[in-house]
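Dear colleague,

Please find the structure below, handed over for your records. My notes on it follow.

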Amino acid sequence: MEKREQLYEGKAKRIYRTSLADQYWVEYKDDATAFNGEKKGTIAGKGELNNRITAIFFSLLKERGIDNHFIRLLSPTEQLVRKVEIIPLEVVVRNIAAGSLAKRLGLAEGTVLPHPVVEFYYKDDALGDPLVNHSHIKVLGVAGEDELAVLERIGLQVNEVLQGYLRERGVILVDFKLEFGRTPEGEILLADEISPDTCRFWDAETMEKLDKDRFRRDLGHVEEAYREMLKRLGGEAHV
Ligand code: C5P
């Protein structure tokens, strides 16, 4: 299996074609952006840390019966994944109010939600990724009602698995974002990444933030927080 031409460069990753028609090569970058690209920076070592953290989470999910695009690590900053066509929706699952939910509903950050909240955002940079409901999604024509039910069900299953796993490692899973794709056969498959870039993690003892909010809010020690998350998951970085 060989690396072929670059297909896409996103804010945090580059995707390459491979010599195999059904597999993509993903390279994780150190670049960081926030607020729809308004804030830009670099987090030293982030590419490796997120590549490894994502691999651990996707392997865990696969073990627990939640299939996803991850195949195997290729290098400290690269992984091999199954080819999918990404559905332009971000599926956010929340256990505790923070970020945009705290703002939208006027809840204090840290308010424990009585049940997990699932939200959809339409992936469109020009629109600033707006929150959308089932009717909006039907108008946009990006996913069917039956597919939305699958996305919600898998989102809640991922939440159950990750919440339990992280609790045992002294980490509170506040919220996270998932992306899904369709395989060439039309099957919905969990894809993209699960990392401190896409989740909120709080230390269960100190409530210290161990995620991208350190970058978004200029809290400092960003790299250390990502490194700490990899350590809690039992992984090791070589950078
Ligand atoms: O900003 P907001 O509170 O809506 O984010 C909810 C969750 O989704 C957070 O864990 C955040 O890191 C993640 N997210 C993301 N990519 C985005 C927007 C949010 O990974 N474009």
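The largest nonpolar core (buried Ala, Val, Leu, Ile, Met, Phe, Trp, Tyr and Cys residues joined through C-beta atoms within 7 Å) has 53 residues. Those with the most contacts inside this core are Val91, Leu173, Phe180, Phe201, Tyr226 and Met229. A residue is buried if 20 or more other C-beta atoms, placed from the backbone, lie within 10 Å of its own, exposed if 12 or fewer, and partly exposed in between. Among the elements that give two or more residues to the core are α1 (46-63), β9 (89-96), α4 and α6 (222-232); helices (H or I, at least four residues) and strands (E, at least two) are DSSP runs, numbered from the N terminus.

This is a predicted model, in which local features need pLDDT of at least 70 and side-chain atom pairs count only at pLDDT 80 or more, while totals for chains, interfaces and linings use all residues. Residues are numbered from 1 along each chain as its sequence is written.

Val91 touches Leu151 and Gly155, among others, not counting residues up to four places away in sequence; contact requires C-beta atoms, placed from the backbone, within 7 Å. Both Leu151 and Gly155 are buried residues of α4.

The contact of α1 with α4 is made by Phe57, Leu60 and Leu61 of α1 and Val158, Val161, Leu162 and Tyr165 of α4.

Arg232, found in helix α6, counts as partly exposed because it has 18 C-beta neighbours inside 10 Å. Arg232 touches Arg169, Gly170 and Val171, again leaving out residues up to four places away in sequence.

With kind regards

Notes:
Contact = placed C-beta atoms within 7 Å.
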